[in-house]
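Biologist: Please pick out the charged side chains that pair up here and take me through that one part closely. I'm a first-year student, so keep it informal, and show me what surrounds the part too.

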Amino acid sequence: MELQEIHKRQRNSCLLVLTAFIWGVAFVAQSAGGDAVGPYSFNCIRSLMGGIVLLPVIRFLDQMRLTERKPASREDRKFLLIGGISCGVALFVASTLQQLGIYLGSTAGKAGFLTACYMLIVPVLGLFLHKRCGWNVWLGIIIAVVGLYLLCIQGDFSLQFSDCLLLLCALAFSIHILVIDHFTARVDGVRMSCIQFFVSGFLSVIPMFFVDMKHSLSGILEWAPAFANPYAWIPLLYAGIMSCGVAYTLQIVGQQGVNPTVASLLMSLESVFSVLAGWVILGEALSVKEFFGCFLIFCAVVLAQLSLSPAHRKRSEA
């Protein structure tokens, strides 16, 4: 493997860790925003906001000639559009299930654990797509799952209906990661990210109208006053600009050249960052069990990043 490719993979891995950090801090905003304006309204507005934020970014990158894969032909534009729509549909399903699971009563810790189960699902689905990974990654996944359990689950573990929605959310996020892996090598990541947000946002209008607005004029009149509260806009702005506009775009860019299973393991750090953010910012106490869970997850990520011998890597990832 050439030195330049190694540096690119390391840089993209750092981008995925930054993505996990932004998502981890966003868990509090996601919970508060869904309670304030409704789960579907929250997803709709933050997705459209994320798409709008990226429009001037795309223009700036084009003017500065920093776009690496700007579509140059009709075939390129078609491939970009298909990729954006596919990512948008997967993101809509995943984020809707996640938001609904939290809204229906799953705790933030359990939501973080069950959502992060995508790091188990991605390698299993990847086997059918010939996306193999080395023994160190599989061992890292097992260690990370144990760490996540220690970090997120308090008391007895039982599954409710809202938790089942979060497991389906993990499956949808797994598909989202694999779809990105399929398209990202041939398209401009910022453009595809922008398209996916508009697709996800427009799809969210349907459940927002029928559920949050109760598909009636009286329902709309009851729904609208929530947006007059400035505290409702704080989580919306963070989720729209940072979690969507920045983090999901970093995910698409960061997944270039990174095995999707390794990418899912890196992004599972969002659970660690969400707990650490509560500890640092909100002054929440961390138990010894939770500290040990964080330590195991970090060890798992380091283990997954270890370079195998060239022969072993070729057998594992062929």
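Modeller: Let's start with one bit of vocabulary: a residue is buried under 20% relative accessible area, exposed over 50%, and partly exposed in between (1.4 Å probe, protein chains only). What you have is a predicted model, where local features need pLDDT of at least 70, side-chain atom pairs need 80 or more, and totals for chains, interfaces and linings use all residues. Numbering runs from 1 along each chain as its sequence is written, and side-chain values use heavy atoms, leaving out hydrogens and water.

Now the frame around your part. The protein chain has 14 helices and 0 strands (DSSP runs of H or I, at least four residues, or of E, at least two, numbered from the N terminus). Read along the chain, you go from one α element to another, from the N terminus on. Of its 318 residues, 52% count as buried.

On to the charges. How many salt bridges does the structure hold? There are 3 of them (a Lys or Arg side-chain nitrogen within 4 Å of an Asp or Glu carboxyl oxygen). Put your finger on R191, whose side chain meets that of D62 in a salt bridge, with 2.5 Å from N to O. Helix α8 (residues 189-212) holds R191, while helix α2 (residues 39-63) holds D62, so the pair ties together parts that are 129 residues apart in sequence. How covered are the two partners? R191 is buried, at 14% relative accessible area, whereas D62 is partly exposed, at 22%.

R191 has another partner as well. D188 forms a salt bridge with R191, and here the closest N and O atoms are 3.0 Å apart. With a relative accessible area of 10%, D188 is buried. Put the pieces together and you get a network of salt bridges linking D62, D188 and R191.

The other salt bridge joins the side chains of E222 and K214, at 3.4 Å from N to O. Have a look at how open these two are: E222 counts as exposed at 55% relative accessibility, and K214 is partly exposed at 47%.

Next, stay with helix α8 and look at its rings, because rings of Phe, Tyr and Trp (its six-membered ring) pair if their centres lie within 6.5 Å; planes under 30 degrees apart count as stacked, over 60 as edge-to-face, the rest as tilted. By that rule you can find 10 aromatic pairs. In one of them, F197 and Y248 sit edge-to-face, 6.0 Å from centre to centre with 70° between the planes. This pair links distant parts of the chain, since F197 is in helix α8 and Y248 in helix α10 (residues 230-254), 51 residues apart. Both ends are tucked away: F197 is buried at 0% relative accessible area, and Y248 is buried at 5%. The rings of F209 and F210 have centres 5.3 Å apart and planes at 80°, so that pair is edge-to-face too. F209 is partly exposed, though, at 31% relative accessibility. W23 joins F197 and Y248 to make one aromatic cluster.

Y248 turns up again in the interior. The largest nonpolar core has 73 residues (buried Ala, Val, Leu, Ile, Met, Phe, Trp, Tyr and Cys joined through side-chain atoms within 4.5 Å). Among those with the most contacts inside this core are Y248, Y118, F173 and L269. Try tracing L269: leaving out residues up to four places away in sequence, L269 touches V17, A20, I297, F298 and V301 (contact means heavy atoms within 4.5 Å). Apart from this core lies another one of 9 residues, including F79, C87, F183 and M192.

Finally, hop over to L15, which you'll find in helix α1 (residues 3-37). L15 and L250 are 235 residues apart in sequence, yet their C-alpha atoms are 6.0 Å apart in space. Not counting residues up to four places away, L15 touches L250, V253 and G254. Distant partners like these show up in the totals as well: among contacts between residues at least 6 apart in sequence, 90% join residues at least 24 apart.

If you go back to R191 now, you can see the whole part: D62 and D188 are linked with R191 in the network, and helix α8, where R191 lies, also carries F197 of the pair with Y248.
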